[in-house]
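User: I am new to this structure and would appreciate a close look at a single part of it. Please take one sheet and describe how its strands and the helices beside it are arranged.

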Amino acid sequence: MYYSKLFIPTLKQSPADSEVVSHKLMVRAGMIRQLAAGIYSTLPLGLRVLKKVETILREEMNRIGGQEVFLPSVQPAELWQESGRWNLYGKELLRLKDRHDREFCYGPTHEEVITDIVRREVKSYRQLPLLMYQIQTKFRDEVRPRFGIMRGREFMMKDAYSFHADEASVQAMYEDMKQAYSNIFRRCGLDFKMVEADSGTIGGSFSHEFMVLADSGEDAIAFCDACDYASNVEKAAAKLPGKTDPPKTLEDLNKIPTPNQKTVEEVAKFLKVSPRQIVKTIVLENENGLVAGLVRGDRQINPIKLKNLIGCDWLHSAPESLITSKTNIPCGFIGPVDLDMNIYVDHEVAAMHNFVTGANSKDAHYTGVQFGRDIKATQVGDIHEVQEDDPCPRCDSGRYKVKRGIEVGHIFILGTKYSSAMKAHFLDEHGKENPMIMGCYGIGVGRTAAAAIEQNHDDKGIIWPVPLAPFQVVLIPVKFEEDSQRQACEEAYKILGDLGIETLLDDRPERLGVKFKDAELLGIPFQIIIGPKNLENGQVELKSRKTDTSELIDFPSGLQDIPSRLKTS
């Protein structure tokens, strides 16, 4: 492709609203343009990258027996009402009506649609297992779309769905999918981790996320430094506290004045105790009312863990006004002693003695609180968020490390959540009717490309991994107008094309400095610089974008080595 014929509207400055590197560089490199909040047009250079991701996705999905389909993006409300998600999904679901006043939604995902197809066509265990996938546009009406195409409202996604007759079959598919996803992200040149994750609004019994490690990641990943255990922090398990002997003296419950001391830090300083000896009472709200969660003072409560422990549909922080109106207790002094609500206790708190809590009255705290004697727990469980250097729950010697990550893929075992609700049944070998067991597997196409930029860039621009680069080589003549340089460029362009190398020829009448800056911004893996002095010596300059190193190679014979250089770059 000749640069002068390609639409690449590069910019010198980053957009004012950009927050992360990938957004800045994709706009500056002329890959995307915003149409509305969270909605982007993909321009030719950006589309070349997305198509590279799609090709890898298709190859790996086909390798494990996937069959590609293309499902409607506009879906009837009746299907979502059958599954129970029409009301549960909330405002992220874009709802619309047609001219006949019938309700539809613009699909954020396609479990309902694919289940409807399968329940109509699959009747026997002999037709299972079945794996179908698509690469298609989704829409989720995010409250605050940001980070360019990494967290847009409209986005391209590869979603796959599998249907099975038994648990062994879905587990086998899940293992195949874990390997396929690992292959995909490895082929994309990404540094990633597979982590245990919460299933969220999709539902299901078991799930893993694939996280690209990057400082700009929205999610925190906890992983062991000694074994292979890794998890999203919202799900990462804490190690159960070991058995310890109680102190020789169990203190009596004592109410102490603590005027204007509300926070853990203030109370700890006032009472001259460690924050670890204080227990926080966090009040949250779910569909059944207010609940309390107890964690150690130096810990943060994990709402996802607490929601799963309770088994409720939703769980949110309760506003102070609601807490005060329901309990008549000022916030900052709430404690679990005689508190009239369900109380869920972290296992660390259940192992504590002689600790401090709020006293349920203004300007007062209790000391000498004992679990069991003074606090009646509804349930004890792991409800705190793990931190750096916490002990690993899966091995004896490991400690947690915590890094930021960008979620690029998520796989679920859904079980019979949708097939039972939507009556997607099959007849087994005994003629008995059973709900199909399902799996769901998604990858964000644009998000994968953006994550690659977050991991691979410098102050000059993008540094594409070779498999995702829009072009593999850019030819940069010092002055294309000169006959010898033009002829050398055209000869190199033909040779590289015959070798199957995607090549961009910068034929613009621009200064050499401009061409270099654009080549660095676009992140093309190799630059071949063609100038008069080197040509006289039968050579051209080859520069690696990744290493920022240059060397002279023979021209044209040295071009034959470019394919092997690309493989090892």
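Analyst: The description below follows one sheet, from its strands to the helices that pack on it. The model is a predicted one.

The sheet is open and consists of 5 strands in the order E28-E27-E29-E30-E31, with mixed pairing. Its edges are strand E28 (503-505) and strand E31 (550-554); each has a single partner strand, so one side of each has no neighbour in the sheet. From one strand to the next, the twist averages 25°.

Within this order, strand E27 (residues 473-477) pairs with strand E29 (residues 526-530) in the parallel sense, over 5 bridges. In this region, Pro-477 stands opposite Ile-530 in E29. As a general matter, the strands of a sheet pair through backbone hydrogen bonds, in either a parallel or an antiparallel manner.

Two helices accompany these strands. Helix H13 (residues 483-498) packs on the sheet and touches E27, E28 and E29. The direction of H13 makes about 170° with that of E27. Cys-489, whose number falls within the range of H13, counts as buried because its relative accessibility is 0%, under the 20% limit for that class. Helix H14 (residues 512-522) lies across E27, E28, E29 and strand E30 (539-544). The direction of H14 likewise runs at about 170° to E27.

How values were computed: Residues are numbered from 1 along each chain as its sequence is written. This is a predicted model: local features need pLDDT of at least 70, side-chain atom pairs count only at pLDDT 80 or more; totals for chains, interfaces and linings use all residues. Side-chain values use heavy atoms; hydrogens and water are left out. Buried means under 20% relative accessible area, exposed over 50%, partly exposed in between (1.4 Å probe, protein chains only). Two strands pair if DSSP finds at least two bridges between them. Helices (H or I, at least four residues) and strands (E, at least two) are DSSP runs, numbered from the N terminus. Axes are lines fitted to C-alpha atoms, for helices over the stretch in contact, and angles run from 0 to 180 degrees between N-to-C directions. Contact means heavy atoms within 4.5 Å.
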